[in-house]
Amino acid sequence: MTTTVPAVADVPSGSGPWRLARAELRRRPSVRISLLVVALFLLMAAGAPLLSSLAGWTPEEFDKSAVDPYLGGQPLGPLGGISADHWLGVEPITGRDLFARVVHGAQVSLLIALTATAIVVVAGTAAGIAAGYFGGRTDTVLSRLMDLTMSFPSLIFMIAMMSVAKDVNRIVLMTAVIGLFGWPGIARVVRGQTLSLKHREYVDAARVSGSGPWRILTRDILPGVLGPVIAYTTLIIPGMIATEAALSYLGVGVRPPTPSWGQMIAESVAFYDTDPMYFVIPSTCLFLTVLAFTLLGDALRDVLDPRSGRA
């Protein structure tokens with residue numbers, strides 16, 4: 001039996017995909033928790049300046065009184081220096097407030113991941129619809145471009161491109177680089193969907209009635225591929241977050257003093273045995289965000305993409 005039958009049975013016949021999606025979200029406790037976690041981190045990222053001001057520290061502000069200079073700059077107090085002044089403790093040596101850096105790191109990491117995802121979805125959907133609908137030479141050129149992009153070892157090229165770029169906005173550069181290599185996957189999904197839709201009766205009727213390609217693509221084809229695109233989008237967001245974290249961890253992403261979760265995890269490796277909380281806190285944030293988006297994407301895929309039903 002499929003896992004989606006109970007949700008579908010609770011919804012009146014003829015309901016659209018959005019109503020089915022809402023029913024699925026209400027039915028699964030894991031999805032409700034995932035939505036709560038995603039909303040929490042998005043609100044935390046959006047309100048990072050306000051939250052850090054409430055805590056009383058900026059992410060670049062040093063507090064030498066919170067570390068012990070005679071013990072190599074280890075945080076004073078238990079659990080990495082957690083106290084009323086520093087809600088999640090402080091960084092070793094510098095004494096920078098970890099809460100302020102975590103919330104501002106969420107802003108940077110999620111901004112890069114979500115913007116890169118938007119680029120990937122828009123470019124991939126446009127390329128996939130054009131290749132599937134127009135066919136012929138357009139399909140050949142776009143399909144070969146997809147194959148060429150996917151054949152590159154993307155992580156190595158990202159590292160190389162990020163390493164040689166100088167005096168540029170690192171956030172903008174990371175967003176562009178990640179988006180550059182991410183669009184072929186969704187383009188292939190959309191192309192396959194478009195090939196199955198362009199000969200449907202309602203598309204043929206629109207073509208016979210004199211509708212132009214642009215009207216057909218936006219009014220008839222795009223709504224048909226929107227469900228799988230949304231499901232695919234929620235599934236690639238975790239990969240984007242992890243890619244940004246990996247690049248920052250490797251030292252070619254966001255540079256200090258601008259915080260990001262990957263950068264914080266990289267810096268915490270040297271202190272994991274003496275101050276494990278410095279490693280645990282950003283790692284937990286990264287883990288929860290990726291897990292929440294993954295569970296949410298799985299649920300939306302089950303509902304919005306009928307080809308993904310599980311037996």
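Is the crossing of helix 10 and helix 11 left-handed or right-handed? The crossing is right-handed. This is a predicted model. The protein chain holds twelve helices and two strands. Of its 311 residues, 47% count as buried.

**Overall architecture**

- Read along the sequence, the elements follow the pattern α-α-α-α-β-β-α-α-α-α-α-α-α-α.
- The C-alpha trace spans about 80 × 50 × 35 Å along its principal axes.
- Among contacts in the chain with a separation of 6 or more, 70% join residues 24 or more positions apart.

**Helix packing**

- Two packed helices are described by the angle between their axes and the distance between the axes.
- Helix 10 covers residues 213-249 and helix 11 covers residues 261-268. Their axes lie 7 Å apart, at an angle of about 40°.
- Helix 10 and helix 11 are therefore oblique to each other, as the angle falls outside the ranges for roughly parallel (under 35 degrees) and roughly perpendicular (65 to 115).
- Helix 10 brings Ala-245, Ser-248 and Tyr-249 to this contact, and helix 11 brings Gly-262, Gln-263, Ile-265 and Ala-266. By class, the residues divide into four nonpolar, three polar and no charged.
- Helix 5 also packs with helix 10: the axes come within 8 Å and cross at roughly 145°. The crossing of helix 5 and helix 10 is right-handed. Its contact residues divide into 21 nonpolar, four polar and one charged.
- Helix 3 (residues 29-46) and helix 4 (residues 48-55) have axes that come within 5 Å and cross at roughly 75°. The two are therefore roughly perpendicular, since that class runs from 65 to 115 degrees.
- Met-44, Ala-45 and Ala-46 of helix 3 meet Ala-48, Pro-49 and Leu-51 of helix 4. The contact of helix 3 with helix 4 has six nonpolar residues, no polar and no charged.

**Ser-248, in the contact of helix 10 with helix 11**

- Ser-248 lies in helix 10. Ser-248 counts as buried because its relative accessibility is 4%, and the cut-off is under 20%.
- The side chain of Ser-248 makes a polar contact with the side chain of Glu-244, at 2.8 Å.
- Beyond its neighbours within four places in sequence, Ser-248 is in contact with Met-174, Gly-253, Val-254, Ser-260, Gly-262, Gln-263 and Ala-266. Gly-262, Gln-263 and Ala-266 are among the helix 11 residues that make the contact with helix 10.

**Leu-114, in helix 5**

- Leu-114 lies in helix 5. Its relative accessible area is 32%, so Leu-114 is partly exposed, between the cut-offs of 20% and 50%.
- Leaving aside neighbours within four places in sequence, Leu-114 is in contact with Leu-42 and Ile-237.
- The C-alpha atoms of Leu-114 and Thr-233 are separated by 9.7 Å. These two residues are 119 residues apart along the chain.

**The loop between strand 2 and helix 5**

- Strand 2 spans 74-75 and helix 5 spans 98-134, with Arg-96 in the loop between them.
- Which side chain makes a polar contact with the side chain of Arg-96? The partner is Glu-91, at 2.8 Å.
- Arg-96 counts as buried because its relative accessibility, 9%, is under 20%.
- Outside its neighbours within four places in sequence, Arg-96 is in contact with residues including Pro-59, Glu-60, Glu-61 and Phe-62. Gly-89, Val-90, Arg-101, Pro-257 and Glu-267 are also among its contacts.

**Positive phi in the loop**

- Most residues other than glycine have a negative phi.
- Leu-79 has a positive phi, near 55°. Leu-79 is found in the loop between strand 2 and helix 5. With a relative accessible area of 54%, Leu-79 is exposed, because the cut-off is over 50%.
- Ile-93 also has a positive phi, near 75°. Ile-93 lies in the loop between strand 2 and helix 5. Its relative accessible area is 43%, so Ile-93 is partly exposed.

Conventions
Residues numbered from 1 in each chain as written. Heavy atoms only, no water. Helix = DSSP H or I, 4+ residues; strand = E, 2+ residues; numbered from the N terminus. Buried < 20%, exposed > 50% of the residue type's maximum accessible area, 1.4 Å probe, protein only. Polar contact = N/O pair within 3.5 Å; in protein donor to acceptor, adjacent residues only side chain to side chain. Contact = heavy atoms within 4.5 Å. Axes fitted to C-alpha atoms, helices over the stretch in contact; angles between N-to-C directions. Parallel < 35°, antiparallel > 145°, perpendicular 65-115°, else oblique. Left-handed = near helix turned anticlockwise from the far one by under 90°. Nonpolar A, V, L, I, M, F, W, Y, C, P; charged D, E, K, R; others polar.
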